[in-house]
Structure formats: structure tokens, C-alpha cells
Amino acid sequence: MYEIRLHSRGGQGGVTAAKLIAYAAFLDGKYATATPLYGAERRGAPVVSFIRIDDEPIRIYSQIRNPDLVIVLDESIMQVVDVLHGIKPDGTVLINSQIGTEVEGHSTYPVDLTGIALSLDLVISGSPILNTPLIGAIAKMGLISRESAKTVISETFRDERNVEAALRAYEELEI
Amino acid sequence: MLTFGTGNKAVAMAVRDAKPVVVAAYPITPQTEIVEELANFVTAGSMAARYIPVESEHSSMAACIGAAATGVRTFTATSSHGLVYMCEMLHMSAGARLPIVMANANRALGPGWNIGAEHSDSISMRDTGWLQVYVSTVQEAYDATLMAFRIAEHTDVLLPVMINLDGFLLTHITQTFETVEPGDFLPPTATPHAIDIKNPGGYGTLTPGNTHFTFRRDMERGMRASIAVIEETEADFARRFGREYHLYEEYRCEDADVVIIAMGTLGKEMEVAVDILRDEGIAAGAIRMRWFRPFIVPDLDGKEVVVIDRDYSFGYGGVLAGELQAKSGCKPFSVIAGLGGQEVTYDDIVEFVRIRKPGTEHWFGVVD
Amino acid sequence: MGCPLSGLAGNEPTQYFIIIHVKYPNERLYTMAIPDEEFLLKTTSACAGCPSSLILRYVTKAAGADTVLVIPACCTSVIQGVYPTTAMNLPVYNVAFASAAAVASGMSEAFRAEGKKTNVICYAGDGGTIDIGIQALSGALERGTDFLYICYDNEAYSNTGMQRSGATPLGAMTTTTPGGKKDHKKDLDAIVAAHHPVYQATACAAYPQDLYNKVEKALSIPGPKFMHVLAPCPPGWRFPSEKTVEMGKLAVKSGLWVLYERENGKLTITGASKAAMKKRIPIEDYLSVQGRFRKITAEETVKMQQMVEDTIVRLQREVDGIC
């Protein structure tokens with residue numbers, strides 16, 4: 001089983017991103033679950049979502065304590081939340097960063113999702129859309145297929161720039 | 001059709017596929033997505049139901065009662081404070097023998113405000129005359145909702161059915177599930193006592209004590225008859241759609257020395273705990289109770305029993321543990337865990353089995 | 001079936017109501033336009049002189065056979081008879097105290113979905129309307145429910161032995177206001193008017209033709225309709241059982257109760273209240289013949305008389321289109 005923990009802030013689309021990643025894995029023929037961890041729903045508050053991907057039906061509902069991958073959609077969260085808590089020794093970290101932030105002791109993949117969204121003018125209510133470029137980055141990491149990534153984005157969003165954002169992230173992320 | 005969505009969405013899609021005539025809707029976390037999805041279906045024209053946006057849960061059940069009294073299929077959904085607010089109407093609907101179907105997103109009651117999973121809301125409604133089923137996957141939420149209509153409307157039963165799904169843990173998780181075309185699996189409603197203008201009668205008139213008890217006895221007849229109806233419905237569902245359900249689900253129980261018993265999502269996660277215990281050489285098994293009313297007791301002879309209650313009856317104990325003990329004579333190790341969405345993992349469940357002391361109670365996470 | 005469902009066995013139209021055909025001095029004989037068919041039958045178990053069953057009789061005559069009554073806990077729970085028989089020759093659905101309007105909502109939607117025009121009428125007392133039932137009533141009115149809600153107002157929880165309700169008037173003794181009520185009667189009609197129902201009317205047990213006409217008109221209009229009917233209650237108000245109609249007339253003639261209807265926002269004063277708008281008897285004539293007002297103070301009587309005058313002015317301004 002591959003376990004992902006996604007850190008975001010309320011309003012950034014982290015919960016939707018988790019659903020889309022799990023949905024893409026489902027389209028790839030895998031079993032997948034996405035679970036948001038809700039507190040009081042408010043904009044700007046740190047939010048955590050969990051994604052599990054497996055070849056067998058998933059029977060676990062509790063939170064992910066030892067993730068294989070930690071995704072950080074907003075690097076300012078790292079100042080208030082220990083995003084690396086419980087990460088597996090060989091676990092990896094994907095950080096949305098405009099300055100190439102790295103963490104010590106783990107393979108880190110910084111990618112400028114915000115920059116990609118802004119360059120395509122993908123903005124809703126003043127916030128850049130981060131979940132569609134994130135899907136592209138996840139596809140590049142090999143966790144979901146390119147085709148499924150494209151399908152879930154075009155099924156969910158009418159604006160074709162979302163597919164373009166995913167493609168750019170796919171190209172920009174260096175593995 | 002194979003699809004992907006939340007527990008709430010699965011319930012809403014099952015309701016859409018059951019084609020109710022009247023849906024009463026009032027929002028409450030974490031059930032709200034169900035009534036939102038139903039509103040979307042009605043607006044988009046994929047569901048022909050009358051959608052009544054009531055002003056309270058008391059009124060949502062009242063509206064279902066009014067509609068069901070005319071003989072049509074009805075549905076509503078609620079959670080927690082909403083469920084206990086409509087308590088009076090739960091008694092009224094069951095007593096009126098109306099086959100209403102309702103989804104309840106299990107959630108804690110205040111104070112303080114807590115929106116996490118807990119079974120205390122529905123468990124405290126256990127004596128209303130409603131059938132109660134607890135589900136553990138998004139697929140089961142869909143399937144149980146469809147089956148609930150057939151069970152409730154069966155003329156041997158004519159009692160309302162509550163589908164319980166753990167708040168957030170199941171209402172908000174996204175999983176794969178398959179929808180079906182129910183066809184004649186769900187026959188049209190044929191409520192024998194539906195209001196008939198040509199043959200008027202007084203429903204629920206003043207009923208003296210020398211008669212009242214006979215109606216309560218009849219309710220119990222319906223409840224007892226429901227066991228056979230549930231089994232027959234689940235068997236027909238398996239024949240038609242290929243997915244099997246039972247009154248309770250056993251996992252690796254055949255040669256088990258110790259069985260863990262729970263309801264809802266913990267009842268699924270504990271299977272992982274059983275696998276771990278088996279790897280350690282402990283002959284563990286698990287029983288996931290699905291139907292709480294009617295209460296069907298598994299054969300627990302010669303087994304040690306660990307019961308996990310996501311509920312509590314003050315001055316008594318864990319309700320599931322207490323009822324199993326009363327009905328089967330077992331001496332369970334009663335674990336109170338997961339109240340208010342308290343995090344409980346399969347590792348924690350393994351630990352419950354390791355520290356078990358038959359006949360005692362253990363509050364997970366509490367250090368006295 | 002296994003649920004209390006009472007039948008009509010052994011019933012026939014009750015003789016009790018013949019009294020209503022008596023001609024009072026200077027009044028019209030109210031029998032002309034009202035059908036003979038009876039829906040409230042012999043096994044009724046109302047008190048002698050009961051205004052609620054009198055109102056119910058005319059409501060059901062106006063509604064006709066294609067009607068379901070939804071009744072919360074109130075005097076009519078008793079009036080309709082005891083299982084296994086019913087005094088009502090119409091389907092009657094008895095529901096929880098707070099739930100009548102919401103049950104009617106579901107019932108009306110179900111009938112309309114099935115293409116049926118069946119009248120859905122809530123027949124509820126003042127407690128079940130003004131107090132515990134007001135939330136459900138407000139919701140059903142706001143949602144545009146196609147139904148008629150009738151509040152028969154005997155100004156107390158009469159079914160449980162005359163406790164104070166929000167509809168009990170100032171100065172009236174009840175078992176929970178043994179010294180007389182110190183608060184005003186809640187203005188239910190203003191609350192209902194704020195929902196802008198398609199039709200709203202008041203009526204009184206003492207004026208059956210006016211009541212009949214209003215029910216008939218209300219049921220001819222789709223959407224939410226509301227009627228508030230004064231029901232002078234002999235045991236509750238403490239007057240002799242044969243004085244029910246007389247008490248209702250005093251209420252109207254003193255201006256304490258005004259008969260009107262409001263259709264699409266247009267107010268019309270009806271029946272005996274037309275005269276009362278111009279000339280009224282003093283309210284003492286109404287208060288002094290009821291035991292419940294035995295402890296009313298002079299100050300409270302003045303206050304009540306002032307409220308009557310204020311109400312008349314307010315209604316006249318609305319009729320004249322000034323407010």
C-alpha cells in the first residue's frame with residue numbers, strides 16, 4: 001500500500017486534490033481512498049488529507065501515521081506543522097515552492113505549482129489553483145498514469161488551462 | 001456502473017435509483033452532502049421526487065410521515081443533534097407503521113461541539129421501533145440504502161429503516177463503488193393502510209390502554225419478521241448484483257479463540273488487526289455487527305470476546321457489549337473507543353486484544 | 001395492520017348540531033348555502049356546547065369528501081372519538097403536537113406528485129399553533145405548501161384542563177395563571193401575515209355562514225392558506241354551555257374579534273364586523289359574562305379596550321389603503 005499525506009490550507013483545494021489523485025489511481029485499475037481530516041471548516045486553516053493506493057481493497061479508515069509521500073501545498077505550513085512527522089525513512093516530500101525549498105534526510109521534489117497557476121492566470125477568488133498542476137506532478141512521480149491524470153482533470157474542470165497546468169508541472173518536475 | 005465517490009454521495013445515488021416520491025431535506029454536518037446531492041439530482045431532472053426543504057429535523061420526519069401516509073416512497077437524512085431532535089417523530093413514524101428510509105451520519109452530541117464519528121446518536125434511538133443497520137464501506141452504504149426500501153416496505157415488516165454511516169470516516173471518504181439498475185428488485189410501494197379517500201378512517205385516534213399494547217406487540221411482530229425479510233432481501237441482492245451481505249459479517253472466525261466485535265468502520269479496520277494477530281500466532285477473528293435492530297446474536301460459545309463500543313450508556317456501559325452479554329451470556333472485554341471521532345487504528349485494536357480482561361471495561365486513551 | 005386505525009362502524013350524523021339552525025333575533029337563518037352532508041358523526045365525544053366541533057362541522061362541509069384532516073394533539077384528538085370507532089367521515093391523520101404543518105407539507109406534496117387534488121387541512125388548537133407548532137407552521141407557509149391551516153382558538157390548553165397559552169388574553173384566569181394573565185395575547189395573525197400567504201382570514205364559531213364561505217374560498221386557491229377561528233369554550237372561559245354562540249357574537253360586536261379576509265394582500269372586513277368597525281358594545285359586556293375574567297383589573301380592562309380601538313384603527317387604515 002502506498003500512503004500519501006497532503007498538507008494544505010483551507011481554500012487551496014487540497015481536499016479536492018486528494019480526491020482527484022485517488023480517482024486517477026482508480027482509473028488506473030487500483031484500489032484507492034481519499035479522506036479529508038476536518039476540523040472547523042475555515043479558510044486559511046491548515047488542512048490534512050490522506051490518500052491510500054493499493055492493489056487490494058483498502059480496509060483502513062484511520063489516519064496515515066507513516067506516509068510514503070508527504071505533499072506540502074503551502075510551505076508556510078512547515079513553520080506551524082511538523083509535516084515530516086512519522087514519514088517513512090525512505091519517504092519522499094513534494095513541496096510547492098517558488099524558491100526550491102528542500103528538507104534534510106529525505107528526497108525532496110520542489111515544484112513551483114503557484115507559479116504555473118499564475119502564469120496561466122488560473123485563479124479563483126484571488127487564490128491560484130494548485131490541485132490541477134499537482135496532478136501533473138504526481139503523474140510525473142509515476143503514482144498515477146498520464147492518461148488518468150488528464151481524464152480526471154478534464155472530467156472535473158471545464159477550463160482547458162487546467163490540463164495545460166498539469167502538463168507544465170509534469171514537464172517542470174525533475175525526477 | 002463502476003464509479004468513485006464519498007459515502008454521502010453513494011447514499012444519495014442509491015436514493016436516486018430507488019425513485020422516492022418525496023424527499024425531506026435539512027442540512028447538518030456531516031450528512032449535508034446527501035441532501036445537496038439530492039437537490040442537484042432533482043434540479044438536473046435525474047430524479048423526479050418532490051424535494052421539501054423543511055425548517056428542522058422534527059419537520060423533516062413529520063413531512064416524511066405525511067407523505068408516507070399516502071402510500072408513497074420517502075427518504076430523509078440526518079445526524080447527531082438532528083436525529084435526537086426528531087426523536088418524537090421516530091416513535092410516531094414507527095408506531096404508524098410507515099416504511100420511511102433515513103440515512104444517519106453517526107456523530108457525537110454536544111456539549112462541547114464535536115462533529116466526529118460516534119454511535120451514541122442512533123444507539124439512543126434504539127427503542128423507537130426503527131430498524132438500524134450500520135455500514136462500513138461506501139459500496140455497502142449504496143447497497144444497504146437500496147435494500148432498506150425493500151425491507152421497510154415489505155408487508156411483513158412495515159417499519160422504518162435507518163442506515164447508519166460513521167460521520168467523516170465513511171461519509172467523507174472517497175472509494176470505488178458500483179451502482180445498479182434496481183428494476184423489480186424494488187417493487188412499487190403497496191402500503192396496505194395508505195390513506196384512502198373512498199374508505200376514510202381515523203389514524204392514530206385515542207387508543208385506550210386495553211388496546212394500545214396490542215399495537216406495540218404488532219410492532220415487535222414486524223421487527224421479528226424483519227429478520228427473515230432482511231435475509232431474503234440480501235440473498236436476492238446477491239443473486240442479482242453479485243454482492244453478498246449477511247446479518248453480521250464474520251472474518252476468520254471458524255477456529256478463533258478470541259473474537260473482536262464492533263460496528264461501522266471500526267468493524268472493517270479490525271480485520272487488519274486480526275491479520276496481524278494471526279501472524280503473531282493468536283487465533284483471532286472478527287464479527288462486524290450490521291443490524292443493531294433487530295438485534296441478532298452471533299454464536300459466541302467457547303470464545304473470548306472483545307467488544308468495541310463507539311457509544312456509551314451512562315450508568316450502564318458500552319451498549320453493544322452490554323446487549324451481547326445479556327443475550328449470549330458471554331463475558332466481554334468492553335472497550336470504549338472512538339467517541340467524538342477519537343482516532344483508533346488497527347494497531348490500537350491489536351493492543352485491545354493483547355490487554356483483554358474478560359468482564360472488565362476499558363476506556364481507550366483515558367489514563368485514570 | 002397493527003397501527004391504530006379507527007373505522008366508521010355504527011355511525012350516523014349526530015343530532016347534537018341541530019341547535020345551530022335555531023334563528024336568533026335580528027339574525028339571518030344560516031342554512032341556505034350549506035350542504036346537508038355531514039362529516040362529523042354521532043360518536044363524537046365533545047363537551048356540551050363545544051365550539052371546536054361546531055367549527056369543524058362547517059369546515060368539513062365546505063371542504064367536502066376529497067379532504068384529509070391533519071390534527072395535532074388538541075381538543076379534536078378527543079372530539080373525533082375513541083378507537084376503534086371514529087366520528088369523522090373523512091380520513092383523519094393524528095400527529096405529534098409540534099408537527100401538524102410539516103406533516104401536511106409532506107402529505108400535500110405526495111398528493112400533488114400523484115396528480116391528486118385532495119384538500120389537506122390542518123385543524124389545530126391555539127397551543128399547537130401559536131406555541132409549540134409555530135415553527136412548523138412558519139416553515140410550511142414559507143415553502144408555499146398547498147394546504148389550509150385552521151387554528152381554532154379557545155385561548156388556552158383546554159384539552160389538558162385550561163392552562164395558559166400564548167393565545168390567552170390579558171387578565172384571563174387559567175390553571176397556570178390563577179391570578180389572571182399578566183401578558184397580552186400573541187398576535188398570531190400578524191405573524192402569519194408576515195409570511196404573505198395567498199389567503200388569510202379570521203372567523204368565529206358564532207358565524208357559520210361567514211366561516212363556511214371563507215373555507216370554501218380558501219380551498220379554491222392553490223398555495224398556503226390560513227384561518228384563525230375564535231372558539232368560545234364553555235368550561236375554559238367559564239360560561240354556561242348553551243351560551244357558546246352568544247359569547248362569539250359578543251366578541252365580534254365588542255370588536256375584540258374582527259372578522260376579515262386578506263386575499264393577495266387586500267383586506268376586506270366581513271359579516272358582523274362591518275357594523276362593529278363603526279359602532280361597538282363596551283368590552284365589559286363580553287368580559288363580565290365569563291368567569292375567567294373575574295380577577296381582571298380596571299387598568300387591564302382599559303388596556304384591552306385601548307387595544308381594541310388600536311386594532312380597529314389599524315385594520316381600517318389597511319382597508320383604506322393608508323398603511
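With 368 residues, chain B would be expected to have a radius of gyration near 21 Å if it were a compact globule, and its value of 20 Å agrees with that. That is a handy starting point for this predicted model, so let us look at chain B and then at its companions.

## Chain B as a whole

Chain B is built from 11 helices and 16 strands. Its C-alpha atoms fill a box of roughly 70 × 50 × 45 Å along the principal axes. Of its 368 residues, 65% count as buried. If you take the contacts in chain B between residues at least 6 apart in sequence, 80% of them join residues at least 24 apart.

The outside of chain B amounts to about 12800 Å² of exposed area, with 51% supplied by carbon and sulfur atoms. As for charge, chain B carries 30 positive and 48 negative side chains, and the centres of these two sets lie 5 Å apart.

## Chain C alongside it

Chain C has 12 helices and nine strands. For its 323 residues the globule rule gives 20 Å, and the radius of gyration is 19 Å, so chain C is as compact as a globular protein of that length. Its C-alpha trace spans about 60 × 40 × 40 Å along the principal axes.

In chain C, 58% of the 323 residues count as buried. Contacts with a separation of 6 or more are again worth a look: residues 24 or more positions apart account for 72% of them in chain C. The exposed area of chain C is about 12200 Å², and carbon and sulfur atoms make up 57% of that area. Its 33 positive and 31 negative charges have mean positions 3 Å apart.

How do the chains meet? Two pairs of chains are in contact, and chains B and C share the most contacts. Chain A and chain C, on the other hand, do not touch, and their nearest C-alpha atoms are 28 Å apart.

## Cysteines without partners

How many disulfides are there over all chains? The count comes to zero, with a disulfide taken as a pair of cysteine sulfur atoms within 2.5 Å. C:Cys50 is one cysteine outside any disulfide: the nearest cysteine sulfur belongs to C:Cys47 and is 6.1 Å away. C:Cys50 is buried, at a relative accessible area of 7%. C:Cys122 is in no disulfide either, and the nearest cysteine sulfur, that of C:Cys74, is 10 Å away. C:Cys122 is buried too, with a relative accessible area of 0%.

## Helix α10 of chain B

Back in chain B, helix α10 covers residues 319-328, and its buried residues include B:Val319, B:Leu320, B:Ala321, B:Gly322, B:Glu323 and B:Leu324. What do the buried residues of α10(B) pack against? Their partners in chain B are helix α6 (120-123) and the strands β11 (258-262), β12 (284-289), β13 (291-293), β14 (304-309) and β15 (333-336). Just after α10(B) comes B:Gly329, which takes a positive phi of about 85 degrees.

## Backbone details in chain B

Some backbone angles in chain B deserve a closer look, and the table gathers a few of them.

| Residue or bond | Angle | Value |
|---|---|---|
| B:Thr29 to B:Pro30, cis | omega | about 0 degrees |
| B:Pro111 to B:Gly112, cis | omega | near -10 degrees |
| B:Lys19 | phi | near 55 degrees |
| B:Arg97 | phi | about 55 degrees |

Where do the cis bonds fall? B:Pro30 is found in the loop between β2 (22-25) and α2 (32-44), while B:Gly112 is found in the loop between β5 (101-106) and α6.

B:Lys19 has a positive phi although it is a residue other than glycine, and it lies in the loop between α1 (7-18) and β2. B:Arg97 also has a positive phi without being a glycine, and its place is in the loop between α5 (87-95) and β5.

Are these two side by side in terms of cover, buried or exposed? B:Lys19 counts as exposed at 57% relative accessibility, whereas B:Arg97 is buried, with a relative accessible area of 4%.

Conventions. Residues numbered from 1 in each chain as written. Chains lettered and ligands numbered in written order. Heavy atoms only, no water. Helix = DSSP H or I, 4+ residues; strand = E, 2+ residues; numbered from the N terminus. Rg over C-alpha atoms; globule rule 2.2 N^0.38 Å. Buried < 20%, exposed > 50% of the residue type's maximum accessible area, 1.4 Å probe, protein only. Contact = heavy atoms within 4.5 Å. Areas by Shrake-Rupley, 256 points an atom, 1.4 Å probe, with all protein chains shown as cover. Lys, Arg positive; Asp, Glu negative; His and termini not counted. Charge placed at Lys NZ, Arg CZ, Asp CG, Glu CD.
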